[in-house]
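Here's a quick tour of a metal site, a loop residue and a helix. Have the model open as you read.

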Amino acid sequence: MYFDTHAHYDDAAFDPDRDTLLSSLPEAGVTLVIDPGCDVLSSEKAVALADRYPHVYAAVGIHPEELGGMREEDLERIEALCAHDKCVAVGEIGLDYYWDDTHKEEQKALFIAQLEFARRHDKPVIIHDREAHGDCLDIVRRYSDIRGVFHCYSGSKEMAQELLRRGWYLGFDGPITYKNARKAIEVLEICPLDRLLIETDSPYLSPIPRRGKRNDSRNLRYVVEKIAEVRGLSCEEVAKTAMENGRRLFNI
Ligand code: NI
């Protein structure tokens with residue numbers, strides 16, 4: 001039984017077959033999914049999917065890449081969505097200096113505003129950190145009462161150790177199956193089993209042997225197989241532990 005803690009089923013890539021695919025997931029062994037929003041519209045869609053499917057939960061938030069298209073009232077709307085009973089986290093939120101390193105202050109302000117929502121609504125957060133490791137760490141240090149997951153963790157082993165000490169979880173995705181995954185594998189080797197989460201980031205980041213194709217939660221097994229291989233465990237143990245971890249963090 002798999003828990004995909006990060007899959008964007010609200011994405012247009014799933015327009016042709018969203019309902020068929022989501023309905024088929026429990027039979028395929030994927031019994032829980034979190035769909036994180038990236039802006040108001042996708043957060044609303046994530047909540048609507050969570051309303052419709054018992055095995056789907058939502059997270060709501062504004063992704064740093066959506067900063068440019070934001071309207072002033074968007075943050076209020078996200079905070080209102082936080083109160084929905086199937087909204088289990090604030091996310092995905094964070095910093096992305098790969099995409100844009102000229103609006104760092106605006107990105108930080110947006111990130112911090114949403115950490116405040118998480119605090120007010122007592123929810124964990126799902127963090128996107130792309131080439132912004134120092135600033136992300138600096139900000140989460142200031143919010144030491146907030147916990148969550150660094151989604152598709154891509155920082156150093158040293159940063160991972162500090163996050164783990166602070167109670168954070170680390171998300172592992174398709175890229176751990178890629179040839180150049182040395183850094184992520186090093187982190188996987190030291191991550192305590194009770195702190196790892198398995199994610200697809202569907203429709204993106206398809207694992208090998210599906211790389212380049214649209215991703216969906218059924219491919220989670222390739223991520224699990226890689227973790228099992230690296231940690232010397234059975235796939236069942238990895239899936240079961242990741243399921244327990246996800247349920248604990250997201251209170252499901
Ligand atoms: Ni994502």
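Buried means under 20% relative accessible area, exposed over 50%, and partly exposed in between (1.4 Å probe, protein chains only). By that cut-off, H6 and H8 are both buried.

A bit of housekeeping: this is a predicted model, where local features need pLDDT of at least 70 and side-chain atom pairs count only at pLDDT 80 or more, while totals for chains, interfaces and linings use all residues. Residues are numbered from 1 along each chain as its sequence is written, and side-chain values use heavy atoms, leaving out hydrogens and water.

H6 and H8 both help hold the nickel ion, as the table shows. Donors here are N, O and S atoms within 2.8 Å of the metal (3.2 Å for Na, K and Ca), and with no water among the atoms, sites may look incomplete.

| Donor residue | Atom | Distance range for the set |
|---|---|---|
| H6 | NE2 | 2.1 to 2.3 Å |
| H8 | NE2 | 2.1 to 2.3 Å |
| E92 | OE | 2.1 to 2.3 Å |
| D201 | OD | 2.1 to 2.3 Å |

Along the chain, the spacing reads H-x1-H-x83-E-x108-D.

Now for N215, which is buried with a relative accessible area of 0%. Its side chain reaches the backbone oxygen of Y204 at 2.9 Å, a polar contact (a pair of N or O atoms within 3.5 Å; within protein, one must be able to donate a hydrogen and the other to accept it, and residues adjacent in sequence count only if both atoms are side-chain atoms). Leaving aside neighbours within four places in sequence, N215 is in contact (heavy atoms within 4.5 Å) with residues including F14, T200 and Y204.
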